Amino acid sequence: GGTFLPGRPLRVKWVVLFDPAKSGRELNRLNGCAGMDNQTINMVPQDAIAYQWTNCFDFSAQYERLKENRQQVSGQSVAVEPPFAELERTWGLSVEKDILPVLGKEIGWFVQGVEVGGFFPIPKFTVFLKVKDPKSADEILKKIVTTPLTLVQNEEYHNIRINFVTVPLMNAFRPSYAFAGGYLIVATSDKLLKQSIDVSQDPALSLAAEALFKQGGMNKSTLHQMFSFVKMGEIARQSISLVDWADHWFALKIQQADADQKTTRQKLQALAQSIEADGQELISAKERMDQLRREKSSLEAQVQAAVVTIESKNTLSQQGDVQNPSVPDDLRPEKLLEFKKSQLSAVELEVNGIQRNIETAKVQQPDLSDDLNDFEHQKLDALKYRYYIDEVAVPVLHGLESLVSQKMTMTVKDGVIESEMFLVVD
């Protein structure tokens with residue numbers, strides 16, 4: 001059953017009964033998980049746009065499910081390699097024996113927005129994770145984050161050690177973690193992590209003290225298993241900034257495609273001109289080659305005639321000398337024939353070189369034409385996405401701005417699922 005109460009906030013509550021004996025494993029796991037007081041909200045700043053928490057997240061159960069799914073997908077009867085095996089070898093750790101035993105069942109997270117000022121959007125994200133043994137968890141994290149490519153640094157902040165990794169060229173992304181109040185806090189930047197620490201030490205700065213969060217109230221005597229709060233209007237406004245970034249990115253893609261098309265057309269034009277010029281040069285070279293071949297044939301005939309004449313006069317020496325004393329040495333037919341052969345060889349090499357140049361250019365033409373088509377498709381795709389952004393996404397997001405916030409709780413106990421939602425709409 002359910003109830004609906006209009007107003008600001010609009011309030012909806014529903015209750016579902018189920019039979020644990022006929023229910024699935026996950027629902028029965030929740031049914032056996034007791035609700036508790038949520039402490040992580042005291043580490044969430046007021047400018048968070050989305051927040052969620054549960055105290056019934058069983059990491060071991062999720063890991064077993066991953067193993068089962070992996071086994072089913074493999075279709076093998078023998079045991080397959082467990083999930084994250086490659087990472088385990090890299091870290092020198094066992095997920096099942098080292099990591100899972102230190103994790104509790106309480107986990108929460110919040111998003112503060114998206115940083116769009118860099119090369120690409122980076123979410124401002126923080127996770128809270130209850131740990132059973134902070135010291136062991138710290139040793140595990142050191143093994144995970146220490147690599148040849150990363151330098152782990154740390155600093156003290158309000159008597160809490162913050163560990164962070166600096167990523168080159170990404171000032172907004174500085175993965176950080178710390179341990180406070182029995183929780184492992186992981187954030188995408190040390191600035192965000194420090195803000196959570198500040199909030200934990202001053203309740204007036206927390207999300208629980210915000211006016212919008214307070215609308216609709218909460219029954220503090222009820223211990224919940226799950227809780228979420230979303231500023232849908234603010235998410236819509238920040239999403240507009242994100243799609244503006246995407247729109248600008250697609251505009252750059254179009255500019256780049258135009259520039260690539262221009263360059264490719266110039267290359268195609270240069271190739272066509274080169275092929276035409278080489279073609280004319282090839283015709284000229286072939287004409288010279290044909291002329292040299294005719295001259296070579298004529299000289300060969302002259303040499304043969306001279307040999308026959310000398311033999312007929314029986315004046316050929318034992319060395320085969322066919323010299324005609326009355327003809328200068330460099331003008332003798334055999335000398336001219338030798339020179340003509342060298343000229344012919346040079347022209348033949350020239351013809352082969354020109355032909356190779358033409359063939360190479362012709363091979364490049366189809367590839368450049370394909371590139372030209374690819375750039376056109378890239379441009380059309382970018383134009384299509386810009387259209388969807390401008391005509392669909394932005395209007396929808398503007399419409400969602402009227403949905404100010406949504407707060408929801410859920411508890412599963414004694415075969416009853418009870419959930420309550422508070423919705424603020426302008």
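Helices and strands here are DSSP runs, with helices (H or I) at least four residues long and strands (E) at least two, numbered from the N terminus. With that in hand, F84 falls in the loop between α2 and α3 (85-91). This is a predicted model, and there are three big topics to walk through: a 12-strand open sheet, a pocket with about 720 Å³ of space, and a 68-residue helix, α9.

**The sheet**
- The 12 strands line up as β1-β2-β12-β11-β10-β3-β4-β5-β9-β8-β7-β6, and the pairing is antiparallel.
- The edges belong to β1 (2-5) and β6 (152-157); each has a single partner strand, so one side of each has no neighbour in the sheet.
- On average, neighbouring strands are turned by 10° against each other, ignoring direction.
- As background, strands of a sheet pair through backbone hydrogen bonds, in either a parallel or an antiparallel way.

**Strand pairs worth clicking on**
- At the β1 edge, four bridges tie β1 to the antiparallel strand β2 (residues 10-17), and T3 has K13 in β2 as its bridge partner.
- Five bridges hold β10 (residues 226-230) and β11 (residues 403-413) together in the antiparallel sense; along that pairing, S228 has M408 in β11 as its bridge partner.
- On to β11 and β12 (residues 416-425): this antiparallel pair is joined by 10 bridges, with V412 standing opposite I417 in β12.
- The β11-β12 hairpin has two residues between its strands, and D414 takes a positive phi there, near 50°.

**The largest pocket**
- The largest pocket holds about 720 Å³ of space.
- It is lined by 26 residues, and I99, L129, L141, I144 and L184 are the closest to its centre.
- Elements giving two or more residues to the lining are α2 (59-74), α4 (95-99), β4 (103-115), β5 (122-131), α5 (134-145), β8 (176-180) and β9 (183-187).
- Helix α5 supplies the largest share of that lining, with five residues.
- If you're thinking about the chemistry of the lining, it divides into 24 nonpolar residues, two polar and no charged.

**The long helix**
- Helix α9 covers residues 333-400, which is 68 residues, and its first and last C-alpha atoms are 98 Å apart.
- That span is close to the 100 Å expected at 1.5 Å a residue.
- There is still a bend in α9, of about 35°, at I389.
- In general, an α-helix has 3.6 residues a turn, so residues three or four places apart point the same way.

**Backbone oddities**
- R8 and P9 are joined by a cis peptide bond, with omega about 5°.
- P9 sits in the loop between β1 and β2, the two strands that share four bridges.
- F84 is not a glycine, yet its phi is positive, at about 65°.

Definitions and conventions. Residues numbered from 1 in each chain as written. Predicted model: local features only at pLDDT ≥ 70, side-chain atom pairs only at ≥ 80, totals over all residues. Heavy atoms only, no water. Expected span 1.5 Å × (residues − 1). Bend = angle between axes of the 7 residues up to and from the residue. 1 Å grid on protein atoms, 1.4 Å probe; cavity = no way out; pocket = protein on both sides within 12 Å on 5 of 7 lines; lining within 4 Å. Points joined across faces, edges and corners; volume = space filled by probe spheres on them. Nonpolar A, V, L, I, M, F, W, Y, C, P; charged D, E, K, R; others polar. Pairing = 2+ DSSP bridges. Axes fitted to C-alpha atoms, helices over the stretch in contact; angles between N-to-C directions.
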